[in-house]
Amino acid sequence: MIINTGQRTDIPAFYSKWFMNRIREGFVYVRNPFYPTVITKFKLSPDVVDVIGFCTKNPRPMFPYLDELKPYGQFWYVSITGFDKDLEPNVPPIDKVIEDFKYLSSKVGKNAVGWRYTPIIVNDKYTVQYHIKTFERIAKELHEYTELAVFGFVDLYDKLKRNHPEIKDCSDDDKIIISKAFIDIAKKYHLDLRLCSKEKWLGEYGVDVEGCMRIKDYEKSIDSKLDIKQKMQARKGYCACYLSNDIGTYNSCMHLCTYCYANGNKEQILRNYKNHDVNSPLLIGHVNPNDKIHDAKQESYITKTVTLF
């Protein structure tokens, strides 16, 4: 099976010690975000966990543990956009993350790391030309360390509209200009470019809109064939990706990016962060008397290990 750590929060950046405690103890508890008294227990043994998926803006805190994670397959998405503190208050500087990306690729392999340039927000400061220039700058730095680049435009969820009404979607014309420019840049640097947002109509302009996280990406990262038993989609008809079992918790990412879909108000995030216990089987808080814990059904998806790529 596949365990994911990055759809709800940034575990490598802020909870790496907790994560490694879970790896060492061999299990993790995950509270259901819609039914808070329901907890799922996942075994974290390499016998059943074929790949761990990471999605982060700062992989560095996990570097001391990369050798310890070698028994597990890994696939990493690292987000690098180049926004300033007005949008990404606690994200490390772009040059630092670029260097960390290169180091990560050298440790886990080029096929196990992808780059995300998302979300794209267009305003007076972050213009269309700003994004095109920044995307090429990063692509030039990373193309020898990954083959995969993902871009996407901001999604205006209701809570984002409430908390940050100043963030607006850009025009369709701007999306076309950006997409065409990104396609040209990706070709120049031999990157597999994909879209990660709702604008499936951009496929008419040559954009790959078939999802940014695919089973073949996991297979390529571990050089093995996977017989996936379960297809999970967060939003049917919207997301084409294979979404695996996520062990994170919403409202717990301390990057505090203003455009984040997984965070609500800042006070709630800070409360949750204070309730984090590095020794708890839950990312946030502890098991309560009324909680119901059940074991996840888990099995390896690997059918055979061969040189696929």
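In the predicted model, strand β3 (residues 38–43) pairs with β11 in the parallel sense, and four bridges connect the two. Within this pairing, V38 has K292 of β11 as its bridge partner. Both strands belong to an open sheet of three strands, in which the order is β2-β3-β11 and the pairing is mixed. The edges of the sheet are formed by β2 (27–31) and β11 (292–295), each of which pairs on one side only. On average, and with direction ignored, neighbouring strands of this sheet are turned by 30 degrees against each other. As a general background to such pairings, strands of a sheet are held together through backbone hydrogen bonds, in either a parallel or an antiparallel arrangement.

The edge strand β2 includes R31. This residue is partly exposed, its relative accessible area being 23%. When neighbours within four places in sequence are left aside, the contacts of R31 are R8, P36, T37, V38, I39, L282, H286, V287, N288 and D291. One of these contacts, V38, is the residue whose bridge partner in β11 is K292. R31 and L283 are 252 residues apart along the chain, yet 8.8 Å separates their C-alpha atoms.

At the level of the whole chain, eight helices and 12 strands are present. The radius of gyration is 19 Å, close to the 19 Å given by the globule rule for 309 residues, and the chain is therefore as compact as a globular protein of that length. Taken along the principal axes, the box filled by the C-alpha atoms is roughly 55 × 50 × 35 Å. Of the 309 residues, 53% count as buried. The chain exposes about 14,500 Å², and 50% of this area is supplied by carbon and sulfur atoms. Among the contacts with a separation of 6 or more, 73% are accounted for by residues 24 or more positions apart.

A further set of pairings involves strand β6 (residues 113–120). Eight of the eight residues of β6 are buried, so this strand is largely enclosed by the rest of the structure. Strand β5 (residues 73–79) runs parallel to β6 and is joined to it by four bridges; in this pairing, R116 of β6 is the bridge partner of S79. Strand β6 also pairs with β7 (residues 148–153), again in the parallel sense and over four bridges. Here the bridge partner of Y117 is F151 in β7. Between these two strands, the chain passes from β6 through helix α4 (residues 128–142) to β7, in a β-α-β crossover that is right-handed.

Strand β6 also contains P119. The peptide bond that joins T118 and P119 is cis, with an omega of about 5 degrees. In general, most peptide bonds are trans, and most residues other than glycine have a negative phi.

Positive phi values occur at several positions in the model. Phi of N251 is near 60 degrees, a positive value in a residue other than glycine. N251 is placed in the loop between β10 (245–246) and α8 (266–274), and this residue is buried, with a relative accessible area of 12%. L256, likewise a residue other than glycine with a positive phi, has a value near 55 degrees. The loop between β10 and α8 is also the place of L256, which is buried at a relative accessible area of 17%. A positive phi of about 55 degrees is also taken by D223, which lies just after helix α7. In α7 itself (residues 215–222), the buried residues are D217, Y218, E219, S221 and I222.

Helix α3 (residues 94–108) provides an example of a buried lysine, K102. With a relative accessibility of 15%, K102 counts as buried because the cut-off for this class is under 20%. Residues up to four places away in sequence not being counted, K102 touches E141 and Y145. Of these two contacts, E141 falls within helix α4 (residues 128–142), the helix through which the chain crosses from β6 to β7.

Key
Residues are numbered from 1 along each chain as its sequence is written. This is a predicted model: local features need pLDDT of at least 70, side-chain atom pairs count only at pLDDT 80 or more; totals for chains, interfaces and linings use all residues. Side-chain values use heavy atoms; hydrogens and water are left out. Buried means under 20% relative accessible area, exposed over 50%, partly exposed in between (1.4 Å probe, protein chains only). Two strands pair if DSSP finds at least two bridges between them. A crossover is right-handed if, with the strands pointing away from the viewer, the path from the first strand over the helix to the second runs clockwise. Axes are lines fitted to C-alpha atoms, for helices over the stretch in contact, and angles run from 0 to 180 degrees between N-to-C directions. The radius of gyration is taken over C-alpha atoms; the globule rule is 2.2 Å times the number of residues to the power 0.38. Contact means heavy atoms within 4.5 Å. Accessible areas come from the Shrake-Rupley method with a 1.4 Å probe; for residues, only the protein chains shown count as cover.
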